[in-house]
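Biologist: Good morning. Could you take me through this structure, beginning with the chain as a whole?

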Amino acid sequence: MSAVVVGAGPAGLMAAEAIAAAGHRVTVCDASASAGRKFLLAGRGGLNLTHVEPRPGFDARYGAAAPRVGHWLDVFGPDALRAWVHELGIETFVGTSGRVFPAEMKAAPLLRRWLHRLRGAGVEFRSRHRWAGWSDDGVPRFMTPMGEVRLSAGVLVLAMGGASWSRLGSDGAWVPLLAGRGIAIEPLLPANCGFDAAWSASFAERFAGHPLRTVVMSPDADAEPTARRWTRGEAVVTATGVEGGLVYALAPALRQRIAAQGTATVLIDLLPDRSEAAIAELLARPAGGKSLANRLRARLRLDGVKAGLLREGVSMETLQDPARLAARIKALPVKLLAPRPIDEAISTAGGVRLDELDERLMLRRLPGVFCAGEMLDWEAPTGGYLLTACFASGRIAGVGAAAALEAR
């Protein structure tokens with residue numbers, strides 16, 4: 001019996017490897033002209049494979065899906081992923097932030113070696129094969145430049161991604177095909193995305209593209225100060241709002257707040273390594289003829305985009321009051337209006353509900369059909385967490401598919 005895997009990203013390729021390793025024939029189909037296009041683009045600036053954060057803290061990055069994803073990581077977690085990369089002949093190193101990268105930083109060398117190994121194991125690749133559901137007799141259908149093709153298979157593994165970066169193949173076109181078979185699917189939403197803010201024209205023109213380094217951000221503007229959750233990191237001001245790793249980490253909470261209330265307000269601590277009292281004391285010292293901008297720069301090293309952001313969100317009265325200004329420096333409110341469009345997002349939330357799948361990631365309503373990767377209803381921040389779970393879910397689905405073939 002043979003298997004068909006739809007999607008040549010990390011999850012699909014990992015599923016194909018597990019099935020081939022069990023001695024079964026595998027055909028990998030992808031709508032694009034080549035394998036791993038999104039994987040390659042994601043690794044252009046440095047392929048962040050995984051992270052060395054210990055578990056269970058690692059698992060907690062997956063939010064509500066943490067219990068389920070944790071089971072995947074029990075089988076193929078961050079340590080197993082690094083060992084697998086080493087087996088391909090690719091060395092890795094740990095960056096200062098705990099992120100794990102291949103020694104060459106790029107995705108292309110890893111992908112080339114992986115595809116070579118898969119082909120050596122007998123895996124067949126078919127490009128420009130877009131999955132189109134099933135024929136009346138249950139055979140998977142594909143649209144190709146030469147017309148419709150049908151590929152009989154003992155098992156089908158779907159790993160087609162979410163709906164971000166549609167030009168690379170992740171366009172969510174699979175949603176109606178599965179929904180039409182009664183599969184419950186949570187709406188696909190932007191994750192690891194930027195958010196729009198109502199910047200003034202002058203601020204946007206001057207500071208778009210400037211990084212906000214070493215800040216702390218909280219999505220809990222309405223909570224009591226002692227109940228606020230704060231996350232440290234970096235962000236980038238854009239012409240329309242903010243983006244970057246710190247914003248991505250807060251995206252689920254911000255998205256939910258905007259859906260419920262129409263907007264979301266984040267608080268930004270511009271000087272997380274100084275106390276509010278120390279800041280107020282420095283600001284209260286005699287001006288000595290110096291302007292506020294000079295005092296912020298000389299006494300607090302607060303200038304550039306941080307000073308611009310402070311002026312953007314603080315009234316003139318507050319700027320003239322050292323105590324109130326110190327409080328704002330430690331908790332500057334910034335109103336966010338909406339997430340950026342889904343096609344700009346690094347990844348998506350939503351997808352096939354996890355309760356539609358058994359422990360092998362087989363659809364309960366469609367025996368013999370497995371799902372893996374970003375098309376499932378989970379999300380994770382960047383930093384290696386997203387990619388780790390894609391690999392892990394592919395391994396789970398592949399092992400499950402191989403077992404299903406053997407059972408037949």
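Modeller: In the protein chain, residues 24 or more positions apart account for 71% of the contacts with a separation of 6 or more, where contact means heavy atoms within 4.5 Å. This is a predicted model, in which local features need pLDDT of at least 70, side-chain atom pairs count only at pLDDT 80 or more, and totals for chains, interfaces and linings use all residues. Residues are numbered from 1 along each chain as its sequence is written, and side-chain values use heavy atoms, with hydrogens and water left out.

Biologist: How many helices and strands does the protein chain have?

Modeller: The protein chain has 15 helices and 19 strands. These are DSSP runs numbered from the N terminus, with H or I and at least four residues for helices, and E and at least two for strands.

Biologist: What percentage of the 408 residues count as buried?

Modeller: The share is 53%, buried being under 20% relative accessible area with a 1.4 Å probe, protein chains only.

Biologist: On to E17. Is E17 buried or exposed?

Modeller: E17 counts as buried because its relative accessibility is 12%. The residue lies in helix α1 (residues 10-21).

Biologist: Which residues does E17 contact, leaving aside neighbours within four places in sequence?

Modeller: E17 is in contact with W84, W114, R117, L118 and R395. In addition, the C-alpha atoms of E17 and V399 are 9.2 Å apart, although 382 residues separate the two in sequence.

Biologist: And how do helices α5 and α6 cross?

Modeller: The axes of α5 (residues 78-87) and α6 (residues 108-120) come within 10 Å and cross at roughly 75°. Axes here are lines fitted to C-alpha atoms over the stretch in contact, with angles from 0 to 180 degrees between N-to-C directions. The crossing therefore makes α5 roughly perpendicular to α6, a term for angles of 65 to 115 degrees.

Biologist: Which residues make that contact?

Modeller: W84, V85 and E87 of α5 meet L110, W114 and R117 of α6. By class there are four nonpolar, no polar and two charged residues. Ala, Val, Leu, Ile, Met, Phe, Trp, Tyr, Cys and Pro count as nonpolar, Asp, Glu, Lys and Arg as charged, and the others, Gly among them, as polar.

Biologist: A last topic: which element gives the most to the lining of the second largest pocket?

Modeller: That is α9, with six residues. By class, the lining has 16 nonpolar, five polar and five charged residues.

Technical notes:
Angles under 35 degrees count as roughly parallel, over 145 as roughly antiparallel, 65 to 115 as roughly perpendicular and the rest as oblique. Buried means under 20% relative accessible area, exposed over 50%, partly exposed in between (1.4 Å probe, protein chains only).
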